[in-house]
Amino acid sequence: MSRTDRPPVHIIGFPMDLGADRRGVDMGPSALRIAEIDNRLRRLGYRVFDEGDVPVSRQEILTVDNPRLKYLPQIADSCENLARTVRRVLDGGGFPLALGGDHSMSIGTIAGLAAHCREQNKRLGIIWIDAHADINTGETSPSGNIHGMPVAVSVGLGVTELTTVGGEFRKLDPENIVMIGLRSVDLGEKQIIHNKRIQAITMTQVDRLRIDQVVEHALDYLQERADHIHVSFDLDSVDPLIVPGVGTPVPGGLTYREAHLAMEIIAERGALGSLEVAEVNPILDIKNQSALFAAELVASAMGKRIL
Ligand SMILES: [Mn+2]
């Protein structure tokens with residue numbers, strides 16, 4: 001299939017930082033657009049439409065009601081809106097490319113994908129590339145920041161305000177997720193990962209097995225059990241020496257080439273059904289280099305090759 005026959009890409013911005021402690025990731029979608037993510041995809045032959053941004057409340061005019069689930073009503077609202085947009089794009093035959101924003105966005109993205117898949121009798125699979133597992137609940141989270149909870153919410157754990165975004169059903173089978181790049185996991189999260197038997201590949205395993213093998217295995221595993229594969233890429237999976245402008249930097253991440261190779265392998269398989277990029281933080285960045293990196297990474301995921 002040539003790229004012009006492929007589904008058009010619909011960019012959806014999610015300028016949210018209510019799910020994170022540090023300010024600035026609300027500017028992520030803007031920084032990614034400035035990095036010309038649209039033109040990079042057009043140069044690859046895609047038709048690209050920009051859906052604009054999902055409305056998000058401003059932190060300055062809000063107060064925290066529940067410190068265990070900060071800004072819960074506002075995040076639930078925006079995620080509901082994101083879920084609707086993602087679903088509309090998929091129902092119309094498009095490819096959703098969601099740009100964050102903090103990683104609470106995945107509550108909405110995955111809910112939208114799941115609603116579409118449910119109606120089409122498709123099984124959803126997720127590759128979660130992140131330094132963190134993002135599988136806390138209000139009970140286990142040390143911070144109460146909802147950007148650390150989207151995976152838990154998607155497998156049906158946590159408060160109903162979040163688990164019912166996009167409809168009252170479980171969005172994701174815990175066996176249909178593969179996490180890659182973990183290196184900062186909370187105690188409660190470790191228990192959930194073990195209890196739910198989630199495929200979680202740490203940086204230790206990436207170091208030992210090499211990223212190409214890790215990604216090939218992840219795709220083999222997911223392609224057996226899923227028809228729609230979504231990649232959720234948290235920029236903090238990459239080493240902060242390369243990508244300093246992220247919400248929660250953790251040393252010891254993926255190298256520049258490891259991140260690109262992972263995306264190149266995913267593109268080669270032709271298996272990608274949707275994509276999101278989370279946690280770009282221009283406030284902590286140097287001359288937009290992290291957003292530029294993310295834009296290049298999206299191009300690799302969408303089929304850009306060196307030759
Ligand atoms: Mn994350």
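**A parallel sheet and the helices on it**

Helix α9, residues 211-225, lies across the strands β4, β5 (177-182), β6 and β7, and runs at about 165° to β5. The model described here is a predicted one.

The strands under α9 belong to a wider arrangement. Eight strands form an open sheet with parallel pairing, and their order across the sheet is β2-β1-β3-β8-β7-β4-β5-β6. At the edges stand β2 (48-53) and β6 (199-202), each of which pairs on one side only. On average, and with direction ignored, neighbouring strands of this sheet are turned by 15° against each other. In general, the strands of a sheet pair through backbone hydrogen bonds, in either a parallel or an antiparallel manner.

One pairing within the sheet can be followed in detail. Strand β4 (residues 124-129) and strand β7 (residues 228-234) run parallel and are joined by six bridges. Leu124 stands opposite His228 in β7. Helix α4 also packs on the sheet, where it touches β1, β3 (95-100), β4, β7 and β8 (272-278). The direction of α4 makes about 165° with that of β8.

Helix α4 has a helix partner as well. Helix α3 (residues 72-91) packs with α4 (residues 105-119) at an angle of about 40°, and the two axes are 7 Å apart. Because of that angle, α3 is oblique to α4. Their crossing is right-handed. On the α3 side the contact includes Ser78, Cys79, Leu82, Ala83, Val86 and Leu90. On the α4 side, Met105, Ile107, Gly108, Ala111, Leu113 and His116 are among the residues that meet α3. The residues of this contact divide into 10 nonpolar, six polar and four charged.

A last stop is Pro7, which lies in the segment before β1 (9-14). Is Pro7 buried, exposed or partly exposed? There are 17 other C-beta atoms within 10 Å of Pro7. A buried residue would need 20 or more, and an exposed one would have 12 or fewer, so Pro7 is partly exposed. Leaving aside residues up to four places away in sequence, Pro7 touches Gly93, Gly94 and Phe95. Another residue to look at from Pro7 is Gly273, which is 266 residues apart from Pro7 along the chain. The C-alpha atoms of Pro7 and Gly273 are separated by 9.3 Å.

Methods: Residues numbered from 1 in each chain as written. Predicted model: local features only at pLDDT ≥ 70, side-chain atom pairs only at ≥ 80, totals over all residues. Axes fitted to C-alpha atoms, helices over the stretch in contact; angles between N-to-C directions. Helix = DSSP H or I, 4+ residues; strand = E, 2+ residues; numbered from the N terminus. Parallel < 35°, antiparallel > 145°, perpendicular 65-115°, else oblique. Left-handed = near helix turned anticlockwise from the far one by under 90°. Contact = placed C-beta atoms within 7 Å. Nonpolar A, V, L, I, M, F, W, Y, C, P; charged D, E, K, R; others polar. Pairing = 2+ DSSP bridges.
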